[in-house]
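User: I'd like to go through this model with you, starting with how its helices pack. Could you keep the terms explained as we go?

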Amino acid sequence: MAGKKEIMQHHMNAIKFVRALHALSEDQWRTPVEKGKWTVAEVIGHLIPWDEFVLYKRMPYLFSDDKLPKGSGTDATNTMAASKAREQDKEIIIDKFILVRSNLLQAMDNIPPARWHDEVVIGETRLNLSDYFNGLVKHDVHHFEQVKAVIQQSNK
């Protein structure tokens with residue numbers, strides 16, 4: 001389980017990784033990560049509303065007595081984000097990802113290290129903040145591996 005330092009490093013690396021996707025051709029950018037799955041554009045595009053959700057709907061409530069707001073629904077958020085990514089230019093998606101992830105990284109950096117082990121309650125689930133952020137890292141890693149596979153396949 002990664003601590004604050006490792007989680008912060010992951011997000012810095014995520015920004016670098018996505019920034020490097022500017023070099024992809026339009027064909028690579030619009031290639032499905034697997035048959036019948038999202039394209040690279042849709043994968044990266046769907047990360048943006050989730051980062052915004054964490055930044056604006058989770059972070060402000062983490063250390064308050066207020067309940068964490070519920071999500072709008074995974075399927076609805078993903079469908080909307082993928083649809084938007086199909087219509088947007090690569091540069092817009094990448095730049096928006098970098099902006100939002102940078103803002104999220106800054107907000108995470110402002111959390112005192114001692115608070116990373118505080119318990120948070122999301123619905124009926126209790127977990128510590130570090131576990132919550134580690135879950136987000138795992139989500140990124142899963143999708144970044146898919147994108148890397150597309151890049152490797154297209155470079156053969």
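User: At what angle do the axes of helix α3 and helix α5 cross?

Analyst: This is a predicted model, where local features need pLDDT of at least 70, side-chain atom pairs count only at pLDDT 80 or more, and totals for chains, interfaces and linings use all residues. Residues are numbered from 1 along each chain as its sequence is written, and side-chain values use heavy atoms, leaving out hydrogens and water. The axes of α3 (residues 40–58) and α5 (residues 90–109) cross at roughly 30° and come within 9 Å, which makes α3 roughly parallel to α5 (a label for angles under 35 degrees).

User: Which residues of α5 make the contact?

Analyst: With contact meaning heavy atoms within 4.5 Å, α5 uses Ile-93, Lys-96, Phe-97, Val-100, Arg-101, Asn-103, Leu-104 and Ala-107, while the α3 side includes Leu-47, Asp-51 and Val-54. The contact residues divide into eleven nonpolar, two polar and four charged.

User: Changing topic, how many cavities of 30 Å³ or more are there?

Analyst: The search of the whole structure finds one, with a volume of about 80 Å³; a cavity here is a set of points on a 1 Å grid where a 1.4 Å probe fits but cannot get out, and lining residues have an atom within 4 Å of a point.

User: And which helix gives the most to its lining?

Analyst: That is α3, with four residues, although α3, α5 and α6 (129–154) each supply at least two. Among the lining residues are Leu-47, Asp-51, Val-54, Arg-101 and Leu-104, and by class the lining has five nonpolar, two polar and three charged residues.

Conventions:
Axes are lines fitted to C-alpha atoms, for helices over the stretch in contact, and angles run from 0 to 180 degrees between N-to-C directions. Angles under 35 degrees count as roughly parallel, over 145 as roughly antiparallel, 65 to 115 as roughly perpendicular and the rest as oblique. Ala, Val, Leu, Ile, Met, Phe, Trp, Tyr, Cys and Pro count as nonpolar, Asp, Glu, Lys and Arg as charged, and the others, Gly among them, as polar. On a 1 Å grid over the protein atoms alone, a cavity is a set of points where a 1.4 Å probe fits but cannot get out, and a pocket is an open set with protein on both sides within 12 Å along at least five of seven lines; lining residues have an atom within 4 Å of a point. Grid points are joined across faces, edges and corners, and a volume is the space filled by probe spheres set on the points.
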